[in-house]
Amino acid sequence: HKGQVVGDTREIELLPGTPPGSYQITVNLFDPYRQEELKSERGLILGPVDVPRREPPPISALDIVHPLAVDLGGKVRLLGYSIQSGFRPGDHIHLTLFWQALEEMDQDYTVFTHLTDAKGRIWGQKDNPPVDGFYPTTGWEAGMIVRDQYDILISPDAPPGEYQIEVGMYDAQTSRRLSVVGSPKPEDRILLNETVVVK
């Protein structure tokens, strides 16, 4: 009824590996019959909500779809990744990387994510400090696990075929990349082991 006040209690579970910091909560209404959000003139934003620094979760709790264990420069380990997309030109690839700090770092490293073809040409990329700059590597403690998400736009001109995603970290001031530890040949990038097929 008009003017009626309805209480609505919600619990939001934090995904394991969510970095500490200040967050906002957005509230939207969804019409299940039309399968669409109900647009309002002003979006409802709640907060700020402070997420404290927590103990690193067990790796098994992260639900990593593609587990890895690749170290960069002895400073950080890529535990694995998850990936979602329609894989069509103009689509976004939603890529979640799971990092673990091996030591405290005195450098703010930038993460690069590149979609490349067999000739190494880049057809999509997103480079930025971890967590969109929200959680720079100088704030990481040894053992900390960080969930780090990227949306990579597949170029509208990308021809159908097979692609790979390469990721890594570099110092933005010198452009020097962290090297892969234990690689049989010098490498400064990690090739993700799932082939991306653009349709």
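In the predicted model, the secondary structure of the protein consists of 13 strands and zero helices. Followed along the sequence, the arrangement is accordingly written as β-β-β-β-β-β-β-β-β-β-β-β-β. The C-alpha trace of the protein extends over about 70 × 40 × 35 Å when it is taken along the principal axes.

Of the 199 residues that make up the protein, 37% are counted as buried, and the accessible surface amounts to about 12,600 Å², with 49% of this area belonging to carbon and sulfur atoms. Among the contacts in the protein with a separation of 6 or more, 66% are accounted for by residues that lie 24 or more positions apart in the sequence. With regard to charge, the protein carries 19 positive and 29 negative charges, and the mean positions of these two groups are 4 Å apart.

At the level of a single residue, Gln100 may be considered as an example. Gln100 is located in strand 7, which covers residues 92-101. The relative accessible area of Gln100 is 16%, and because buried means under 20% on this scale, Gln100 is classed as buried. When the neighbours within four places in sequence are set aside, the residues in contact with Gln100 are Lys75, Val76, Arg77 and Leu79, together with Gly143, Met144 and Ile145. Gln100, a buried residue of strand 7, is thus in contact with residues that precede it in the numbering, including Val76, and with residues that follow it, including Met144.

Definitions and conventions. Residues numbered from 1 in each chain as written. Predicted model: local features only at pLDDT ≥ 70, side-chain atom pairs only at ≥ 80, totals over all residues. Heavy atoms only, no water. Helix = DSSP H or I, 4+ residues; strand = E, 2+ residues; numbered from the N terminus. Buried < 20%, exposed > 50% of the residue type's maximum accessible area, 1.4 Å probe, protein only. Contact = heavy atoms within 4.5 Å. Areas by Shrake-Rupley, 256 points an atom, 1.4 Å probe, with all protein chains shown as cover. Lys, Arg positive; Asp, Glu negative; His and termini not counted. Charge placed at Lys NZ, Arg CZ, Asp CG, Glu CD.
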